[in-house]
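Dear colleague,

I am passing on the structure below, together with some notes on what was found in it. Please read the notes with the coordinates open beside you.

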Amino acid sequence: MGEQQHVKFPQEVIDEYAALGVDLPALFSAGHLGTRMGVQIVEASAERVVGTMPVEGNTQPYGLLHGGASAVLAETLGSVGSMLHGGSSKIAVGVDLNCTHHRGVRSGLVTGVATPVHRGRTTATYEIVISDEEGRRVCSARLTCLLRDVNPGDAAHVTAAS
């Protein structure tokens, strides 16, 4: 996801993951896809996740922000919130993503804000609002993630991410 040095995590979350030897910014990212798309996480907690993405490089043939790019930003932010809600003993796996695209954007930066709709023991649902630089809503999305227990085989993926 590019440089993550400016991400604001709650101190108790930083401490929890540091005790496990996990690099939080590397773990909570969209991986190679997010890096290619320029996704940046600005703020992250189970209550609110904020991220940005440039329009340039993420457009469809008409020069507008690609709906799939909005979906990547939305799923990234909702997944980060779900992972933070689940804690270090759970893995968040997206099971449903819905996006409604309201307006086209041709340039600049879009900002997504994910807030919880439901945070349970086995699922977490987040609403993600993506806006342009003038604060106009570009996309409304909803992501539901399954929260499953970490399995021994998952450790290799977490270590590789951090």
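Contact here means heavy atoms within 4.5 Å. With neighbours within four places in sequence left aside, Thr 125 is in contact with Thr 115, Pro 116, Val 117, His 118, Arg 142, Leu 143 and Thr 144.

This is a predicted model, in which local features need pLDDT of at least 70 and side-chain atom pairs count only at pLDDT 80 or more, while totals for chains, interfaces and linings use all residues. Residues are numbered from 1 along each chain as its sequence is written, and side-chain values use heavy atoms, with hydrogens and water left out. The mean pLDDT (the predictor's confidence in each residue, from 0 to 100) of the protein chain is 87, and 85% of its residues reach 70 or more. Over residues 1-5, however, pLDDT stays under 50, and where pLDDT is low, the predicted coordinates should not be read in detail.

To return to Thr 125, this residue lies in strand β5 (strands being DSSP runs of E of at least two residues, helices runs of H or I of at least four, both numbered from the N terminus). Thr 125 is buried, at a relative accessible area of 10%, where buried means under 20%, exposed over 50% and partly exposed in between, with a 1.4 Å probe and protein chains only. Its side chain is joined to that of Thr 144 by a polar contact of 2.9 Å, that is, a pair of N or O atoms within 3.5 Å, of which, within protein, one must be able to donate a hydrogen and the other to accept it, residues adjacent in sequence counting only if both atoms are side-chain atoms.

The largest nonpolar core (buried Ala, Val, Leu, Ile, Met, Phe, Trp, Tyr and Cys residues joined through side-chain atoms within 4.5 Å) has 36 residues, and Ile 130 is among those with the most contacts inside it. The largest share of this core, eight residues, comes from α4. Since 16 of the 20 residues of α4 are buried, this helix is largely enclosed by the rest of the structure.

There are six salt bridges, each defined by a side-chain nitrogen of Lys or Arg within 4 Å of a carboxyl oxygen of Asp or Glu. In one of them, Asp 96 pairs with Arg 142, with the closest N and O atoms 3.2 Å apart; this pair links strand β3 (residues 90-101) to strand β6, across 46 residues. Asp 96 counts as partly exposed at 34% relative accessibility, and Arg 142 counts as partly exposed at 36%.

Best wishes
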